[in-house]
Amino acid sequence: MPELPEVEMVVRGLRDDMVGRTFLNMRAEWAPQLGDTTPDAFAARLSGQKVEALWRRGKYVVFELTDDYLIIHLKMTGRLYIAREGEVYDADRFLRVVFGLDNGYELRFSDVRKFGRLYLVSDVEGVVGKLGPEPLDGDFTLEAFRARLGNRTRNIKALLLDQSFIAGVGNIYADEALWLAGIAPQRKADTLTAEEQERLYHAVRSVLNEGIAREGSSISWYRKPDGSAGSYQNFFKVYGREDEPCPRCGTPVLKLWIAQRGTHYCPHCQT
DNA sequence: CGGACAACCTGGCGGC
DNA sequence: TGCCGCCAGGTTGTCC
């Protein structure tokens with residue numbers, strides 16, 4: 001489900017309701033999502049901790065607490081939303097964890113595929129420390145991007161998906177960025193010209209910003225915390241558009257497998 | 001470093 | 001209608 005823009009919308013949608021709240025309790029229906037921690041231990045450690053801040057790092061949602069960090073990765077189908085105690089929502093069909101808050105509301109985590117992961121740690125870097133730079137941060141400059149690309153021999157699609165290379169880009173935004181930059185996904189990273197590097201740098205930031213402006217892509221499971229859908233899926237140029245004409249040149253969009261992921265691109269104007 | 005593949009899970013959809 | 005196989009916004013570990 002969620003890539004950087006979707007996770008950003010989740011964080012923005014929860015922030016006002018969550019900052020300042022204190023966790024009273026927690027109930028987990030599927031313990032494996034807590035890693036090695038038992039639900040009881042997780043709940044005991046979390047209870048009484050107040051949310052001081054809420055932010056995003058890559059695709060991770062980070063609740064900065066009194067003593068610890070509650071970190072949640074939504075993986076493919078995870079959702080976070082606020083509900084009044086006892087109130088029932090559609091997403092509750094796949095409810096996995098419920099956090100009781102000090103104001104009569106709950107933070108709920110639902111996740112169809114159970115891939116999502118929750119961490120409660122004192123050291124945030126232990127979870128997010130290996131992530132690459134935030135592509136929308138001011139210090140992620142063209143020069144920084146060039147330096148990271150320089151000697152990498154992998155194909156560019158695989159590299160964009162590598163979270164230690166850049167944090168937050170996933171399958172949709174990788175395909176869209178490569179289309180916008182006019183670069184074929186199977187190109188080896190170290191063969192990009194200076195001009196192509198620059199086009200890709202701007203394309204990555206552009207599609208992520210546009211994704212946020214459109215409030216994310218709601219293809220199947222992703223919804224904002226308030227339950228509404230994003231609209232960026234209506235603006236995809238190639239993702240999910242196999243056989244449809246390329247919006248730039250009319251050539252049918254191809255789908256193939258690169259880095260074990262379905263990859264969509266225009267074989268004519270992405271070179 | 002990098003590629004391939006299996007695992008972790010469940011639901012939706014297209015094909016027959 | 002029903003069943004089956006395939007596919008899915010992600011990551012991690014293993015093997016070569």
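Visitor: In this predicted model, which residue of strand 10 stands opposite Ile258?

Guide: To read a strand pair, one looks for the residue facing a given position. In this case, Ile258 has Arg261 of strand 10 opposite. Strand 9 covers residues 254-258 and strand 10 covers residues 261-265; the two run antiparallel and are joined by five bridges.

Visitor: How many residues lie between strand 9 and strand 10?

Guide: Two residues separate these strands, and the arrangement is a hairpin. Within the turn, Ala259 adopts a positive phi of about 55 degrees.

Visitor: In what order do the strands of the open sheet lie?

Guide: A sheet is read by following neighbours across it. Here the order is 1-6-7-5, with four strands in antiparallel pairing. Strand 1 (23-28) and strand 5 (78-84) are the edges, each pairing on one side only. From one strand to the next, the twist averages 20 degrees.

Visitor: How many bridges join strand 6 to strand 7, and which residue is the partner of Val97?

Guide: Strand 6 (residues 95-101) and strand 7 (residues 105-111) run antiparallel and are joined by five bridges. Val97 has Phe109 of strand 7 as its bridge partner.

Visitor: Which strands does helix 1 lie across, and which does helix 2 touch?

Guide: For a helix on a sheet, one notes the strands involved and the angle. Helix 1 (residues 4-18) lies across strand 1, strand 5, strand 6 and strand 7, and runs at about 30 degrees to strand 5. Helix 2 (residues 39-46) also packs on the sheet, where it touches strand 1 and strand 6. The direction of helix 2 makes about 165 degrees with that of strand 1.

Conventions
Residues numbered from 1 in each chain as written. Chains lettered and ligands numbered in written order. Predicted model: local features only at pLDDT ≥ 70, side-chain atom pairs only at ≥ 80, totals over all residues. Heavy atoms only, no water. Pairing = 2+ DSSP bridges. Axes fitted to C-alpha atoms, helices over the stretch in contact; angles between N-to-C directions. Contact = heavy atoms within 4.5 Å.
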